[in-house]
Amino acid sequence: MSASPNLPASLPGLALPGLPLPLFGAFAHHSRGRDRLTPNHLQPWVAAWIGDVDPKDWFIDQGAGVALLRPEATAFPQGPGSDAGAESGPWAALAIRGSLQAMALEAQPPPGWPVPVAQSVATALLYRFLDRGEEALAGLGGDFSIALWDGRRRRLLLTRDALGQRSLYYRRAGGLTVFCSEPEPLLRAPGLGAELSAESAFWYLAFGTPPPGRTLARGVEVLPAAHLLSWRPGAAALERRWWTPLDPESPVKATEEVIGEIRRSLDTALLSAVADSEPWGLLLSGGVDSSYLGACAVAHGRPPEAALTSAFEERHGLNETEVAAAVAGWLRVPHRPVTLRAAEGLELLREVVLAAPIPCAAWAALTHHRVLAEARELGLELLVSGLGADEVFGGYDHYRGYYARFLRFLRRQSVPAGLAEVELPWQAEEQSSRRVLYPGVARFFDDPSLRKGLEEPYRRWQYASHLRSFYRECRRLKPEAHAMELMVAHECQHRIPEILFGNFEPLARAHGVEVRYPFLQPELVQLVAGLRVEDRYRTAGGRFSLRLRDLQPRFKHAMLEVARGRVPEEVVDRPRKSFTAPFGGWLFDQAFGPAVIDDLRRSPFWKLGIVRKEWLEHILERIQPGPNPWVFQLWALVTLAGWYERFVEPDR
């Protein structure tokens with residue numbers, strides 16, 4: 001096994017363990033709202049989650065109109081001119097959930113603030129924000145949701161990490177905006193409950209996620225990944241982006257020097273993830289991404305305790321256990337197949353997936369839950385995953401297909417002077433240009449199915465304006481960004497945070513197992529996002545081709561070059577293979593399919609008149625085992641109807 005570049009065994013950084021309670025707080029919009037900022041009024045919001053709360057657990061500045069539940073750090077100013085003291089309560093408070101990595105994060109207070117008695121990561125972060133304001137976010141890594149009240153600046157800051165591994169939701173009610181790192185307390189708001197948003201349902205059926213910043217529940221919003229919400233008493237809340245994968249300095253060509261830089265960045269991300277955890281496990285599919293992570297860890301003397309691989313009934317033809325076992329043997333790491341069969345899949349679907357407060361667009365959550373349970377039984381507190389490599393390096397045919405569609409579109413057009421080629425599809429409303437706008441990897445109901453399967457007026461609704469707004473913002477952030485780079489940015493802003501992390505991370509927290517994703521470290525994402533299409537999809541001659549057969553197996557070219565010499569050639573050059581739960585196959589299993597379809601047919605969801613019930617039978621007549629468009633549509637209906645039953649009509 002080849003050696004990697006020398007890296008310190010323990011990388012600098014500070015970690016804040018995940019906490020069982022959600023981050024929770026509120027701010028008031030007027031005097032009536034401030035009157036409601038009392039422990040008695042806020043208690044019902046969190047009662048179902050944590051029961052009774054001691055009034056002393058609340059940090060409340062009623063005059064300013066802000067409240068936080070059990071902040072991890074508080075402080076009040078001292079010295080001349082300060083009119084606050086211990087008896088009047090702290091002027092600053094910080095609540096954080098998740099983990100944090102930051103270089104040189106020291107608990108040194110800015111002028112006018114006392115030296116803390118207890119040194120902690122939360123205190124250090126609080127003083128960093130008090131000293132630098134919003135600029136304190138620069139250089140912060142990890143997964144986190146943060147709420148900070150800065151009484152001196154009289155400003156509340158709410159934010160989440162760059163790729164959205166942690167979430168932050170909010171809802172306005174009774175003169176207050178209530179925010180929480182988990183959606184369920186807001187879905188079960190006292191006296192309000194949840195109501196399905198038709199627009200969000202339309203988007204979910206199309207893409208597996210509601211519109212940007214929304215949830216399925218009307219009035220419950222989500223702060224987008226890498227965004228900051230800032231609020232001052234008496235003013236409207238303002239939202240802005242604080243990080244983007246679109247870096248003007250990112251390389252365009254995967255030269256030998258760039259490949260080396262990518263390799264060092266990836267190795268650093270991995271070794272940082274496993275530096276202080278004992279023991280840890282590797283999610284090993286047998287593909288190049290997870291195999292590389294295992295090889296790097298072993299080369300640096302931090303091998304995983306076990307390599308876990310999902311397995312299913314052999315008849316579905318999806319198993320990678322033989323290849324994964326061979327890779328684990330090469331790494332000299334114990335291999336642990338984790339089998340999930342149809343009957344258990346049905347149980348997990350009903351009890352876990354359909355019970356989730358965020359509808360689960362990724363049926364891989366079924367296998368993820370099973371692997372997390374196995375890790376917990378093995379005593380593993382940390383898992384490392386290769387998720388993100390396909391999104392960042394270009395492992396999806398959906399990327400390639402839309403890029404080819406974009407090139408064909410350009411051939412039929414003349415680009416006006418002063419307009420970049422990439423901007424041409426944004427200029428017109430006709431169907432030909434809409435088809436070129438990349439909407440994301442996840443696609444369930446395609447446009448013809450939306451028109452035929454939905455009732456009026458939903459069948460005439462459109463989504464292109466949202467896409468145009470996103471891509472125009474991207475071009476403002478990086479005017480020279482190319483088409484493939486914009487697709488990567490879209491995945492980082494939408495599918496990764498709201499589908500993948502939104503589905504997988506709540507399961508990890510429920511099992512008490514932390515999962516880290518080296519391929520989704522912000523620095524690595526920025527380094528790779530700008531690579532040209534030829535360094536993602538290429539022929540043997542190093543060119544891009546509109547014909548798929550010419551590109552095999554040269555998907556993720558830059559990642560294959562990163563792995564070459566570190567991973568066996570037979571792994572690097574393996575044909576691509578999808579690896580996920582066999583939902584389509586299970587539909588033809590008597591232990592799974594009939595129950596799922598019967599539950600869906602009897603769902604009260606149909607009375608809403610969003611989807612034609614006849615369309616369900618249209619889908620069922622065309623479903624075949626294995627992944628196919630009709631299976632994806634059925635999954636979208638199953639999960640949307642399940643969410644509606646649990647949160648809108650729970651009594652039924």
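E456 is partly exposed in this predicted model, with 43% relative accessibility. R459 is partly exposed as well, at 27% relative accessible area. The two side chains meet in a salt bridge, with 4.0 Å from N to O. That sits right at the edge of the rule, because a salt bridge needs a Lys or Arg side-chain nitrogen within 4 Å of an Asp or Glu carboxyl oxygen.

**Salt bridges**

By that rule the model holds 41 salt bridges. Another of them joins D143 to R166, and here the closest N and O atoms are 3.1 Å apart. Where do D143 and R166 lie? D143 is in the loop between helix 3 (121–132) and strand 6 (144–150), and R166 is in the loop between strand 7 (155–160) and strand 8 (169–173). The pair therefore ties together parts that are 23 residues apart in sequence.

Is D143 buried or exposed? D143 counts as buried, at 6% relative accessibility. R166 is buried too, with a relative accessible area of 10%. Both values fit the label because buried means under 20% relative accessible area.

R602 and D599 give a further pair, their side chains meeting at 3.0 Å from N to O. R602 counts as partly exposed at 49% relative accessibility, and D599 gets that label with a relative accessible area of 28%. R602 keeps the label because exposed starts over 50%. Beyond single pairs, there is a network: R336, E344, R370 and E374 are joined by salt bridges that share partners.

Here are the three pairs side by side.

| Pair | N to O distance | Relative accessibility |
|---|---|---|
| D143 and R166 | 3.1 Å | D143 6%, R166 10% |
| E456 and R459 | 4.0 Å | E456 43%, R459 27% |
| R602 and D599 | 3.0 Å | R602 49%, D599 28% |

**Cavities**

How many cavities of 30 Å³ or more does the structure hold? There are three. The largest cavity has about 130 Å³ of space. Its lining is made up of Y402, F406, V422, P425, W426, V436, L437, Y438, Y471, A483, L486 and M487. Sorted by class, that comes to 12 nonpolar residues, with no polar and no charged ones. Tyr shows up in the list, and the count still works because Tyr is classed as nonpolar here.

Which helices each supply at least two residues of this lining? They are helix 12 (397–411) and helix 16 (483–511). Helix 16 has the largest share, with three residues.

Next comes the second largest cavity, with about 40 Å³ of space. R241, T244, P245, L246, F470, C474, L477, A489 and Q493 line it. Two or more of these lining residues come from helix 15 (464–477), and likewise from helix 16. This time the largest share belongs to helix 15, which gives three residues. The class make-up of the lining is six nonpolar, two polar and one charged.

So helix 16 turns up in both linings, because it gives at least two residues to the largest cavity and two or more to the second largest.**Sheets**

Now for the strands. One open sheet has five of them, in the order 15-14-13-16-17, with parallel pairing. Its edge strands are strand 15 (335–339) and strand 17 (514–516), each pairing on one side only. On average, neighbouring strands of this sheet are turned by 30° against each other, direction ignored. Within the sheet, strand 13 (residues 280–283) and strand 16 (residues 382–384) run parallel and are joined by three bridges. L282 stands opposite V384 of strand 16.

An open sheet of six strands runs in the order 2-3-1-9-8-10, and its pairing is antiparallel. Which strands form its edges? Strand 2 (58–61) and strand 10 (220–222) do, each with a partner on one side only. Neighbouring strands are turned by 15° against each other on average here, again ignoring direction. Strand 1 (residues 24–28) pairs with strand 9 (residues 176–180) in the antiparallel sense, over five bridges. In strand 9, L176 is the residue opposite A28.

Conventions. Residues are numbered from 1 along each chain as its sequence is written. This is a predicted model: local features need pLDDT of at least 70, side-chain atom pairs count only at pLDDT 80 or more; totals for chains, interfaces and linings use all residues. Side-chain values use heavy atoms; hydrogens and water are left out. Helices (H or I, at least four residues) and strands (E, at least two) are DSSP runs, numbered from the N terminus. Buried means under 20% relative accessible area, exposed over 50%, partly exposed in between (1.4 Å probe, protein chains only). On a 1 Å grid over the protein atoms alone, a cavity is a set of points where a 1.4 Å probe fits but cannot get out, and a pocket is an open set with protein on both sides within 12 Å along at least five of seven lines; lining residues have an atom within 4 Å of a point. Grid points are joined across faces, edges and corners, and a volume is the space filled by probe spheres set on the points. Two strands pair if DSSP finds at least two bridges between them. Axes are lines fitted to C-alpha atoms, for helices over the stretch in contact, and angles run from 0 to 180 degrees between N-to-C directions.
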